[in-house]
Amino acid sequence: MRAANGDLLVLFTETEEHLGPDGAILGTRSTDNGESWEPPSVVYDTPIDDRESGITLLSDGTIVAHLWSTFHTRAGYDALARLSYEPSTLGAGLLSLTLRVRASVDTQGAWTILSRDHGRTWSHPSGDAMPCTAAFNCATEGSRRFIPPGLPSHRVYSAVMPEMNFTRIATIEPSPADSITFAEPHMLQMSTGGLS
């Protein structure tokens, strides 16, 4: 994403395993149009698995980062398809760490953080009314409208910044085929003013 000052920003997850218990959201920046990048820095990191992230630039220059944190359990690992991970990977390392962070279960879910200095610093997380079950990329409409596609219901929500009180405004019907479903949808604001 290009910040209001022209910098390019990228958020990504640092983790040892796809479903590892201790992922962190890092960010990196280019001030020369992608020719070089600053060393990554931590944007969001809790004791549990901070996994998905997306960023949206609002018209006033505010950046909204939307994040998802998962508290993994033994039951969740046991429900994975057989041989999703080597038994040694799901052994003492993952499960002992999961037990150590059990007290942080209340940090799981969808959260938003804001930056008003082009992604250099971020606010404390807020997630009181977030309707989604994963992080997402979003679109802006007008000056303060925030429109994310929700998961897994295929519903589209609208909220006015900064209160972030979400209201469902539409439902995107999925394919009738049982084998096809939406996963981690993205939404873009088109130059014509429409949404895609």
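This passage describes the overall make-up of a predicted model and one of its sheets.

The chain contains 2 helices and 10 strands. Read from the N terminus, the elements follow the order β-β-β-β-β-α-α-β-β-β-β-β. The two helices thus sit side by side in this order, with five strands before them and five after.

The chain has 196 residues, and 39% of them are buried. Its accessible surface amounts to about 10900 Å². Carbon and sulfur atoms contribute 53% of that surface. Contacts were also examined by separation along the chain. Among contacts with a separation of 6 or more, 50% join residues that lie 24 or more positions apart.

An open sheet is built from 3 strands. Their order in the sheet is E1-E2-E3, and the pairing is antiparallel. Strand E1 covers residues 8-14, and strand E3 covers residues 41-44. Both stand at the edges of the sheet. Each has a single partner strand, so one side of E1 and one side of E3 are left without a neighbour in the sheet. On average, neighbouring strands of this sheet are turned by 40 degrees against each other, with direction ignored.

The pairing of E1 with E2 can be described further. Strand E2 comprises residues 24-30. E1 and E2 pair in the antiparallel sense, over 7 bridges. One bridge involves Thr 13, whose partner in E2 is Ile 25.

Notes. Residues are numbered from 1 along each chain as its sequence is written. This is a predicted model: local features need pLDDT of at least 70, side-chain atom pairs count only at pLDDT 80 or more; totals for chains, interfaces and linings use all residues. Side-chain values use heavy atoms; hydrogens and water are left out. Two strands pair if DSSP finds at least two bridges between them. Helices (H or I, at least four residues) and strands (E, at least two) are DSSP runs, numbered from the N terminus. Axes are lines fitted to C-alpha atoms, for helices over the stretch in contact, and angles run from 0 to 180 degrees between N-to-C directions. Buried means under 20% relative accessible area, exposed over 50%, partly exposed in between (1.4 Å probe, protein chains only). Contact means heavy atoms within 4.5 Å. Accessible areas come from the Shrake-Rupley method with a 1.4 Å probe; for residues, only the protein chains shown count as cover.
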